[in-house]
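The following exercises invite the reader to examine a protein structure step by step. Each task is followed by a worked solution.

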Amino acid sequence: QVQLVESGGGLVQPGGSLSLSCAASRSILSFDAMGWYRQAPGKQRELVATITSSGTTNYADSVKGRFTIARDNAKNTVNLEMNSLRPEDTAVYSCNFRDWRKVYWGQGTQVTVAS
């Protein structure tokens, strides 16, 4: 059983910053890829950012230059640092990890960008 728990969501003003964290119940070194998705009401779920076990990162065009994904191996967490936030970034953010056989999801955390 693998559990992923997101934290750090909340309300932030446009232009502000927010950090999300996804904590895994086992070593993140055991996963091939780790990342974040988001979904707003009435919209499709989209990939935000990923990082592999080797450290390779990938970002959606809409967040490039504003968001940074990083690992903390000691804490078994993958973090998403979000800067210059826009109202269109409002969504439920969920972490998504995969190993050789399975994909794992967290329950999600709400991020709201509004004045």
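## Exercises on rings, core, sheet and disulfide

At 33% relative accessibility, Trp105 counts as partly exposed. The model under study is a predicted one.

**Exercise 1.** Determine which residue forms an aromatic pair with Trp105, and classify the geometry of that pair.

*Solution.*
Step 1. The partner of Trp105 is Tyr37, with 5.1 Å centre to centre.
Step 2. The planes stand at 55°, and the pair is tilted.
Step 3. Tyr37 belongs to strand β4 and Trp105 to strand β10 (residues 103-105), so that the pair links distant parts of the chain, 68 residues apart.
Step 4. Tyr37 has 22% relative accessibility and therefore counts as partly exposed.
Step 5. Tyr37 also has a charged neighbour: the charged end of Arg45 sits over the ring of Tyr37, 5.7 Å from its centre.

**Exercise 2.** The structure holds 3 aromatic pairs. Classify the pair of Phe31 and Phe97, and state whether each of these residues is buried or exposed.

*Solution.*
Step 1. The ring centres of Phe31 and Phe97 lie 5.0 Å apart.
Step 2. Their planes stand at 70°, and planes over 60 degrees apart count as edge-to-face; the pair of Phe31 and Phe97 is therefore edge-to-face.
Step 3. Phe31 lies in the loop between β3 and β4, whereas Phe97 lies in strand β9; 66 residues separate them, and the pair links distant parts of the chain.
Step 4. Buried means under 20% relative accessible area. Phe31, at 1% relative accessibility, therefore counts as buried, and Phe97 is buried with a relative accessible area of 0%.
Step 5. Ring pairs join Phe31 and Phe97 with Tyr104 into a cluster.
Step 6. The charged end of Arg26 sits over the ring of Phe31, 4.4 Å from its centre.

**Exercise 3.** Describe the largest nonpolar core and name the strands that contribute to it.

*Solution.*
Step 1. The largest nonpolar core comprises 31 residues.
Step 2. Those with the most contacts inside this core are Trp36, Leu80, Met82, Tyr93 and Phe97.
Step 3. At least two core residues come from each of β3 (18-24), β4 (33-39), β5 (46-52), β7 (67-72), β8 (77-82), β9 (91-98) and β11 (109-113).
Step 4. A general tendency offers context: in soluble globular proteins, nonpolar side chains tend to be buried together.

**Exercise 4.** Establish the strand order of the open sheet of 4 strands, and explain why one side of each edge strand is left without a neighbour in the sheet.

*Solution.*
Step 1. The order is β1-β3-β8-β7, and the pairing is antiparallel.
Step 2. β1 (4-7) and β7 stand at the edges. Each has a single partner strand, so one side of each is left without a neighbour in the sheet.
Step 3. On average, neighbouring strands of this sheet are turned by 15° against each other, direction ignored.
Step 4. The antiparallel strands β1 and β3 are joined by 4 bridges. Ser7 has Ser21, in β3, as its bridge partner.

**Exercise 5.** Identify the cysteines of the disulfide and describe their link.

*Solution.*
Step 1. The structure holds 1 disulfide, formed by Cys22 and Cys95 with their sulfur atoms 2.0 Å apart.
Step 2. The link of Cys22 and Cys95 is right-handed, with 55° about the S-S bond.
Step 3. Cys22 lies in strand β3 and Cys95 in strand β9, 73 residues apart, and the pair links distant parts of the chain.
Step 4. Both Cys22 and Cys95 are buried.

Technical notes:
Residues numbered from 1 in each chain as written. Predicted model: local features only at pLDDT ≥ 70, side-chain atom pairs only at ≥ 80, totals over all residues. Heavy atoms only, no water. Core = buried A, V, L, I, M, F, W, Y, C linked by side-chain atoms within 4.5 Å. Buried < 20%, exposed > 50% of the residue type's maximum accessible area, 1.4 Å probe, protein only. Phe/Tyr/Trp six-rings, centres within 6.5 Å; stacked < 30°, edge-to-face > 60°. Lys NZ or Arg CZ within 6 Å of the ring centre and 35° of its normal. Pairing = 2+ DSSP bridges. Axes fitted to C-alpha atoms, helices over the stretch in contact; angles between N-to-C directions. Disulfide = S-S within 2.5 Å.
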